[in-house]
Amino acid sequence: MMAKRIMARCDELARHSELPGGLTRVFLSPEQRAASELVLSWMRASGMRAHRDAIGNVCGRYEGERPGLPCLMLGSHLDTVRDAGKYDGMLGVVSAIECVDALHARNKRLPFAIEVLGFGDEEGVRFGTTLLGSRALAGTLDLEVLKAKDAAGTTMGDALRASDLDPARIPQLARKRQDVLAYAELHIEQGPVLEAERLPVGVVTAINGFSRLRATLHGEAGHAGTVPMRLRRDALAAAAECVLAVERIAQRHAELVATVGRIEALPGAINVIPGEVRFTIDVRAPRDAVRAEAVAAIRGEVEGICKTRRLRCEVESLQDFGVTACAPWLMQQMDAAVAAEGVAVRRLPSGAGHDGMALKAIADIAMLFVRCERGISHNPAEAISAADAETGARVLLRFIENFRTQER
Ligand code: GLV
Ligand code: MN
Ligand code: MN
């Protein structure tokens, strides 16, 4: 029975939070460091060598039949969104450790090493741009990102140093393709498909692409009591139109989703006309062309609304990631592991982003989804059953034990 400890560890990790009574744990925060220490201790107890790397990822390594073999990389992320659930990310890290623990308990070594990664940033909540930990490993992280600032004005470089990490060492984290045989991640589905089909797990085919943008609207602040309506340049009223335009554009295409998830009105007082508004836009689709078209349409609408209202605006692109396919040879091995557990094989795409998007630059990727209650995620109500956690971990363990590298 692997699930008992998996569920208990997800609960334990959830106690490391910025908010009392809820879960918020962002990249490089003191609570994330404490959670990382806990994960390091679990990795070591399961026979792994483990350390926190220069960007704050937690890395554990279980050697194969002899030291220094290429690895099968497993993992997920340890950061969370604001007011998060306790399984998004953590379940994958904790389940992977449990699989290594099962091998270690039997003193079993495989013809490859296993590395378990707990990525420091997948959500991108703190600095706007995401997949920072996995991009560092993939060698695709542009170090310009060290200048990115969080809401308090702290740069990522300073945040790393405050967490006793040395940004100058980040380039050395890049892995070589020949050292990573594949990357496999277990994650909650974060959607309703598996539950509707009464299946505990599913095999992911591809991860939808995403674009992240930030819009800033510059109007004119003024007295809420004195400025007549026709003379106002209210940045928040304009932003409200923009938010509805984003929603309307996303509704044009069944494949498309778009979200304004954060908005700030400045200076932010009941009796002041908002002079400046900043908001984020997140656009996703299973086809890159559909997403690109939507992003262009959103930009056009925001500019048009601002022009009509005599506002100046900037729409900045924070990040774009194309659709990322899982490798057929790995999907087949994952299917076989699912079937061997007596579960019907169901393949499905991922609407959410995952670290595999970044790791695809150095390795083929696979993902296993675990059913979650009513598809709810990015919400404290996120829930899974212990039975499904057990099935997920057992499938992952079978996948690991039967893993064969691709014939090249
Ligand atoms: C991560 O959860 C994302 O898809 O934004
Ligand atoms: Mn998430
Ligand atoms: Mn996640």
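A polar contact is a pair of N or O atoms within 3.5 Å. Keep that cut-off handy for the exercises below, and remember that this model is predicted.

**Exercise 1.** Which residues surround ligand 1, and how do they divide into nonpolar, polar and charged?

*Solution.* Start by listing the shell: E122, E123, R212, R284, A352, G353 and H378. Next, sort it by type. You get one nonpolar, two polar and four charged residues.

**Exercise 2.** How far is ligand 1 from polar atoms of R284, G353 and H378?

*Solution.* Take them one by one.
- R284: a polar atom of its side chain sits 2.6 Å from a ligand 1 oxygen, so the pair falls within the 3.5 Å cut-off.
- G353: here the backbone does the job, with a polar atom 2.6 Å from an oxygen of ligand 1.
- H378: an N or O atom of the side chain is 3.1 Å from a ligand 1 oxygen.

Now look at the surface. On its own, ligand 1 exposes 190 Å², and the protein buries 93% of that.

**Exercise 3.** How many residues does the largest nonpolar core have, and which helix gives the largest share?

*Solution.* First, the size: 110 residues, with I55, L91, I114 and I400 making the most contacts inside this core. Then the share: helix α3, residues 90-105, supplies ten residues, the largest contribution. Now zoom in on L91. Setting aside neighbours within four places in sequence, L91 touches I6, C10, L186, I188, V370, I384 and A389. Finally, there's a second, separate core of 25 residues, including L213, I281, V283 and A294.

Key:
Residues numbered from 1 in each chain as written. Chains lettered and ligands numbered in written order. Predicted model: local features only at pLDDT ≥ 70, side-chain atom pairs only at ≥ 80, totals over all residues. Heavy atoms only, no water. Core = buried A, V, L, I, M, F, W, Y, C linked by side-chain atoms within 4.5 Å. Buried < 20%, exposed > 50% of the residue type's maximum accessible area, 1.4 Å probe, protein only. Helix = DSSP H or I, 4+ residues; strand = E, 2+ residues; numbered from the N terminus. Contact = heavy atoms within 4.5 Å. Near = heavy atom within 4 Å. Polar contact = N/O pair within 3.5 Å; in protein donor to acceptor, adjacent residues only side chain to side chain. Areas by Shrake-Rupley, 256 points an atom, 1.4 Å probe, with all protein chains shown as cover. Nonpolar A, V, L, I, M, F, W, Y, C, P; charged D, E, K, R; others polar.
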